[in-house]
Amino acid sequence: MTSSRASGAGSPREDTSDHPTARRLRSTHTVNAHDPSAGPEAPAPGPAGTDAPEAPDAAVAPKAVALPGTPGPADVPGVPAVPGGFGADETGLDLADLADLAELADLDVPTVPASSPAGRLAATVERLRTEVRTAQAEAEGRALIELAKGILVERLGCGPAQAARQLAELTEQARVSPLEFAVEVINQAARDRVSEVAGAFLAATATADAAPDEDSAAVRLRAAESGVLAADDTQAVADSLLQHALRPLGAVAVAVWAAGSDGSLTLAGSAGFPPAEAARWRYVPPDVATVARRGLTEADGLWLGSLAGSGLPTIGRRDLADGARAAVPAGTGGRIHGVLEIAWARPQGPQPPQVIRQIEALAELCAHTLESHTPVPGGGQEPRLLPDAAELMDLADGLHDPALVLVPHLDDTGRLVDFRIQHVNTHFLDPAGRPRAMINGALLLEAYPMAAAASELFQRVERVHATGEPFRAHRMRLTALVDQVPLAAVADISISRHGAAVLLIWRIEDETARLASLLQHAQRLGRIGGFEENVLTGEITWNGQLFDLYGRPPTSPPVPLEDLAAHAHPDEAVTIGRFLRTLLHHRRPASAAFRLLRPDGVTRHMRVVAEPVLDTDGQLFVVRGAYQDISAQHWTEVALAATRDQLAHTEQQADARNRLALQLQHAIMPPAQTPLQVPDLKVAVRYRPAETEQLVGGDWYDAVLLPSGLVLLCVGDVAGHGIEAATSMVVLRNALRGLAVTGAGPAQLLSWLNIVAHHLTGAVTATAVCGLYDGEKRTLRWARAGHLPPVLVRDAEAVALPPIKGLLLGAVPEAGYEETEVQLAAGDTLLMYTDGLIERRDRSVEESLSHLLVTASSAPVSLDQHLDRLLTYSRSDTDDDTCIVGIRVA
């Protein structure tokens with residue numbers, strides 16, 4: 001097979017009808033490959049190593065014809081001739097025809113009847129394909145066996161023939177194939193990455209009691225390594241990797257990408273992908289997100305269980321969209337040369353560690369080939385020429401910033417451990433004050449151990465060397481040890497790879513420039529402009545912000561301080577004159593606020609602050625200062641002053657209204673009232689105003705002896721607070737007194753009072769409880785309008801009277817009310833009250849009423865003390881006014 005053609009599963013079927021060898025075969029279709037008369041069938045080749053030659057060299061090996069792209073006697077000594085007699089077969093073909101058939105062996109032949117000419121052609125092609133593959137396997141296996149013989153020659157100090165016999169005896173004793181034993185000899189002698197991976201894989205499978213593969217991992221890896229080393233280009237490397245190492249892992253295709261110094265990717269070789277697809281993905285520009293690109297940038301590579309879920313474009317996505325993908329960096333010596341991308345036909349779960357290590361070992365094999373890979377011209381972007389170390393040193397010396405030229409420093413195993421400072425440019429200044437000669441030639445981590453600290457500078461250099469992608473950072477914090485004291489600095493960093501060297505450039509941030517920039521931003525945000533005026537020469541310096549504040553173009557001349565009044569409002573002349581007199585005459589710092597008239601007609605409120613600068617003789621020669629636009633502050637202060645005045649006026653009005661409402665309430669219902677004189681009945685009232693004057697409410701009470709001899713007892717509560725509630729309370733209280741002289745009962749009185757509340761008081765609402773006490777019968781008839789029921793205290797037990805129906809006053813134009821009668825006995829106490837006595841925000845009315853009953857049950861000796869006790873132990877937290885009316889039967 002030729003190395004310039006990618007073949008594998010999924011490749012399109014090629015038309016073989018016009019192939020010249022196919023035409024010659026059709027002319028000889030009378031010869032049947034399966035006919036015994038056509039000649040004996042070629043014997044199947046024996047296992048590799050069974051025909052080991054006794055001769056020490058390959059001179060006696062029979063001569064054979066090597067197929068194109070196939071290792072043969074010219075490549076590997078001691079390889080026998082390809083079975084089947086590739087001189088002239090039974091079809092009568094010459095050697096040129098066989099070379100064409102080797103190429104034809106990779107073509108797909110349509111299925112046809114075996115008896116037809118095309119069928120006989122297909123059988124011949126299939127037989128030749130099998131023989132070619134067998135010859136390839138034997139040649140690669142023979143190379144490993146010969147390498148094992150060489151190891152035995154060196155270890156045993158014997159000749160090739162004795163080494164061959166020793167290898168055969170050891171193979172028979174181990175009861176394994178010659179190829180497997182040869183690989184074991186190579187692994188024990190090499191002790192390299194391949195042997196480590198193979199040993200780990202065998203240990204894992206032995207632990208899991210897994211059935212061994214037909215070809216062990218060690219054989220596959222060594223066969224792949226042999227094919228890679230024998231391959232003349234990267235395409236042959238891809239073919240060898242897929243055939244020997246990846247197909248046993250279930251992979252169907254592989255792509256080997258070469259990484260360019262500019263971040264681009266070039267398809268150096270592929271196997272298993274259609275040729276058209278490989279040509280389409282020949283070149284990937286920099287910064288294009290693909291599977292290979294992700295595998296290049298991630299340290300452990302990219303492992304996708306299914307390509308469809310990633311959304312990343314890549315080679316073969318159209319045919320293998322659901323299959324798994326792996327992209328592993330191919331690097332050696334701390335430098336990444338490319339990416340090994342592997343494709344599976346179906347989704348895969350997480351790969352076991354031993355398989356991952358096998359693939360990483362294969363990627364390392366690819367790195368050795370990619371290290372010397374040369375991109376094909378026309379394969380995309382032409383590779384740019386990179387300077388060598390001498391040119392890079394000249395480039396560094398031409399820079400105005402400090403620069404170091406670094407080259408990789410490898411240990412004995414070829415692993416990158418540090419970078420050596422190959423060159424220090426002329427602008428380099430060591431933070432510790434060491435001369436350039438001391439730094440030049442030192443290792444980076446030895447000279448600057450803090451490079452591996454939090455700044456991760458060493459890791460950045462290592463990454464750039466590995467991938468070739470440049471690194472830029474603005475204001476990166478660097479730390480250096482000076483006499484064991486860490487000193488930090490802020491710098492802009494640039495790291496780039498040039499050939500095998502790395503150029504590190506940094507620019508320490510200038511503190512003066514940074515502070516100047518910070519000051520400039522502060523002046524812009526604070527709308528501040530600075531100036532300096534030389535009073536001796538008349539030279540005036542303004543910054544750009546001050547020109548903006550004045551509304552003048554930067555090309556216009558600055559305004560002298562003496563002309564400031566000409567640019568200000570006429571009313572500011574006195575203020576500006578006082579400012580200039582203090583500054584220039586008294587030579588003291590001064591400030592002033594004035595209105596600036598700008599050329600565009602806009603008036604701005606400004607504040608100027610300046611100070612005089614005196615010379616050694618005490619004479620004034622410079623004035624420096626700043627202007628600030630305080631227009632926003634001025635108008636804010638004006639608005640605040642107006643709001644403050646309006647708020648004070650509103651507070652005065654509210655205080656006046658509250659005082660009036662409180663005076664009105666106290667005039668009608670004083671907190672203490674002269675006791676009502678009724679035979680065999682004690683009457684007491686209490687009124688507790690709200691603690692906050694703004695909450696003056698509409699609670700009211702009344703206890704009056706009517707002309708009929710009955711006693712009117714009532715309490716009520718008008719909804720709301722303030723003077724409106726107080727005036728409505730006066731209307732309802734006086735209306736009830738007037739209606740009570742009619743002799744009507746409590747229900748009728750409340751019905752009339754509802755009409756008054758709805759029609760005559762501006763549609764207010766209120767609650768009330770009204771009762772008429774008959775001293776002769778010791779009975780109380782009462783009704784309620786949405787109010788709490790009275791409480792009866794008898795024999796040290798307090799109960800609330802059963803509630804009766806009654807809608808609150810003013811809710812509807814007309815309403816009817818129920819009334820009931822309670823028979824009182826000597827010593828009974830009856831309490832009427834408003835909700836201000838019991839109401840709480842965190843309790844229900846039922847809970848608050850239960851607490852009142854408990855408090856009222858322990859009645860003191862006198863009625864007045866009883867009411868005072870109720871006010872003292874009240875748990876109300878609404879800060880509402882409270883009314884209580886109590887009677888006690890003598």
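1. Let's start with Arg527, which is partly exposed, with a relative accessible area of 35%. (Buried means under 20% relative accessible area, exposed over 50%, and partly exposed in between, using a 1.4 Å probe and protein chains only.) Although Arg527 is not a glycine, its phi is positive, about 55 degrees. You'll find Arg527 in the loop between helix 16 (511-526) and strand 12. Here helices (H or I, at least four residues) and strands (E, at least two) are DSSP runs, numbered from the N terminus.

2. A word on the source. This is a predicted model, where local features need pLDDT of at least 70 and side-chain atom pairs count only at pLDDT 80 or more, while totals for chains, interfaces and linings use all residues. Residues are numbered from 1 along each chain as its sequence is written, and side-chain values use heavy atoms, with hydrogens and water left out.

3. How confident is the predictor? pLDDT is its confidence in each residue, from 0 to 100. For the protein chain the mean pLDDT is 76, and 73% of its residues reach 70 or more. Among the elements of the chain, strand 22 (residues 779-785) has the highest mean pLDDT, 95, and helix 1 (residues 20-27) the lowest, 43. Over residues 200-215 pLDDT stays under 50, and the model has eleven contacts for them beyond four places in sequence; contact means heavy atoms within 4.5 Å. Residues 377-386 are also below 50, with twelve contacts beyond near neighbours in sequence.

4. Now follow the chain from Arg527 into strand 12. Strand 12 (residues 528-534) runs antiparallel to strand 16 (residues 620-629), and seven bridges join them. (Two strands pair if DSSP finds at least two bridges between them.) One bridge partnership links Asn534 with Val622 in strand 16.

5. Strand 16 also runs antiparallel to strand 15 (residues 603-614), with nine bridges joining the two. Across this pairing, Met606 stands opposite Asp629. Strands 15 and 16 form a hairpin with five residues between them, and Gly618 in the turn has a positive phi of about 80 degrees.

6. Next, the open sheet. Its five strands come in the order 19-20-21-22-25, with antiparallel pairing. Strand 19 (697-705) and strand 25 (819-823) stand at the edges with a single partner strand each, so one side of each has no neighbour in the sheet. Direction ignored, neighbouring strands are turned by 15 degrees against each other on average. Within the sheet, six bridges join strand 21 (residues 766-774) to strand 22, and Gly771 stands opposite Trp782 in strand 22.

7. What lies across strand 19, strand 20 (711-721) and strand 21? That's helix 20 (residues 723-740), running at about 20 degrees to strand 19. Helix 21 (residues 746-759) packs on the sheet too, touching strands 21, 22 and 25, and its direction makes about 25 degrees with that of strand 22. Axes are lines fitted to C-alpha atoms, for helices over the stretch in contact, and angles run from 0 to 180 degrees between N-to-C directions.

8. Ala796 is another non-glycine with a positive phi, about 60 degrees. Ala796 lies in the loop between strand 23 (791-794) and strand 24 (797-800). At 60% relative accessibility, Ala796 counts as exposed.

9. Finally, a helix pair. Helix 22 (residues 845-857) and helix 23 (residues 863-872) pack at about 145 degrees, with their axes 10 Å apart. Leu852, Thr855 and Ala856 in helix 22 meet His866, Arg869 and Leu870 in helix 23.

How values were computed:
pLDDT = per-residue confidence, 0-100.
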